[in-house]
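Here is a short report for a reader new to this structure. Look over the sequence and the model first, then read on.

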Amino acid sequence: MQPTEQASQQPIHIREVILHTVNVSLQTPFTTSFGTMRTKDVCLVEVVDSSGISGWGETVTSDEPYYNEETTYTATYILKDFLIPKVIGRDIAHPRDVHNMLTFVRRNNIAKAALETAIWDVFAKKNGQPLHALLGGEKEKIAVGKSIGIQASPEKLVEKVGQYVAEGFKKIKVKIAPGTDIAFIDAVRKQYPDIPLMADANSAYTLDDIAHLKRLDEYNLMMIEQPLAHDDIIDHATLQKELQTPICLDESIHSYEDARKAIELGSCRIINIKIGRVGGLGESVRIHDLCKAHDIAVWCGGMLETGVGRAHNIHMTALSNFTLPGDTAPSSHYWEEDIVTPEITMKDGYIDVPNGPGISYEVDRAKLEKVLLHSERIDSAHSPHPIP
Ligand code: OSB
Ligand code: MG
């Protein structure tokens, strides 16, 4: 028996799922090498158990398929017509079984994770446990980093970094792209020679840029995240041999198998685990354990989540091999008003891992109403396709 398991955990029986589509606007536009985000529609997945307990998940998508192939509306469609009909009316003995139930749908990992994480939340609530305990987390508080989008000038970036360092963030991540890289990192390092600093390229370079990327080695970066193609692990291995700076993979890792192969090839020394990108918490924990066994550090990436997705990130980060600060800044850094209560707050660069049942933050129905576009209830009557 695993340490996270209690002698008698009660199974859950999913009665219905409600899809709440909301529109949320960022306080500050966020620019990466693939574009600028200001506002997005997000689907919040409410899974209701036969005893009336609700669990919550979130599609960590945006309106455009630029980070990966999914959008909020492709994820909503896959959820509604395929993933939800598979789980509705079923007894689920443990949420770690859900990932395998959903492999009949190829990829669409963010859609799968939105449902799977909501099921973890229901199960944890039904069994009176905080989610982190169910996952095997050990930490009482997690260190928090800040991801800064591409800025108009190095001066502007240095100003932002100063603000976040003063707020206590434990890691600063700077988005880079050709033309907004060396001069920007150079300016930050000159002003802040010792802060934990890293760069995220979101696939903006190729192996033709090796000489250019090697120049980053002189800035003592914690890592460079996803410098090469979104679907590559071969060229990253070539690049890692040339760089002193550790490579961290984000976009290239969709599964335990991807992580295993990247580790075997030497494509990275660090992995950014995003629950959505890998299809849920079950797969995230497996990747975490694999990396721990291979001395590969992990940290929790962010997808500009609302409080629901952010809460899942916090509970997962309680696991022991999340040794580097994640992109899990507090609610106020993204939203004027988050939809969960209490809001997620940071103190001295840490967020306390909460100990209430499940995700331990409540979705505030009044706040949800303010950003709601529409809600749709899916029950066992909705089965438009044969489900294998
Ligand atoms: O590459 O980590 C990324 C946001 C959207 C898509 C991809 C990424 C990001 C971030 C934001 O870096 C991190 C955050 O949620 O603060
Ligand atoms: Mg990234």
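How many residues surround ligand 1, and which are the closest? The model is predicted. In it, 16 residues surround ligand 1. The closest are Lys175, Asn202, Lys274, Leu304 and Tyr334. By class, this shell holds 6 nonpolar, 3 polar and 7 charged residues. The space that ligand 1 takes is the largest pocket.

Polar side-chain atoms reach oxygen atoms of ligand 1 from several residues. The table lists these pairs.

| Residue (polar side-chain atom) | Partner | Distance |
|---|---|---|
| Lysine 175 | oxygen atom of ligand 1 | 3.0 Å |
| Aspartate 250 | oxygen atom of ligand 1 | 3.2 Å |
| Tyrosine 334 | oxygen atom of ligand 1 | 2.6 Å |

How much of ligand 1 does the protein cover? On its own, ligand 1 has 390 Å² of accessible area. The protein covers 97% of that area.

Next comes the metal. Ligand 2 is a magnesium ion. Which residues coordinate the magnesium ion? Asp200 (OD), Glu225 (OE) and Asp250 (OD) do, at 2.2 to 2.4 Å. Aspartate 250 thus appears twice: it coordinates the magnesium ion, and its side chain also has a polar atom 3.2 Å from an oxygen atom of ligand 1. Along the chain, the donors follow the spacing D-x24-E-x24-D. Aspartate 200 is in strand β8 (residues 197-200), and glutamate 225 is in strand β9 (residues 224-225). The two are 25 residues apart, and the pair links distant parts of the chain.

Two backbone details remain. Most residues other than glycine have a negative phi, and most peptide bonds are trans. Glutamine 226 has a positive phi, near 40°, and is not a glycine. Glutamine 226 sits in the loop between β9 and α8 (234-242). Where is the cis peptide bond that has an omega of about -5°? That bond joins threonine 341 and proline 342. Proline 342 belongs to the loop between β13 (340-341) and β14 (350-352).

Notes: Residues numbered from 1 in each chain as written. Chains lettered and ligands numbered in written order. Predicted model: local features only at pLDDT ≥ 70, side-chain atom pairs only at ≥ 80, totals over all residues. Heavy atoms only, no water. Near = heavy atom within 4 Å. Polar contact = N/O pair within 3.5 Å; in protein donor to acceptor, adjacent residues only side chain to side chain. Areas by Shrake-Rupley, 256 points an atom, 1.4 Å probe, with all protein chains shown as cover. 1 Å grid on protein atoms, 1.4 Å probe; cavity = no way out; pocket = protein on both sides within 12 Å on 5 of 7 lines; lining within 4 Å. Sits in = over half its atoms within 2 Å of the grid points. Nonpolar A, V, L, I, M, F, W, Y, C, P; charged D, E, K, R; others polar. Donors = N, O, S within 2.8 Å, 3.2 Å for Na, K, Ca; no water. Helix = DSSP H or I, 4+ residues; strand = E, 2+ residues; numbered from the N terminus.
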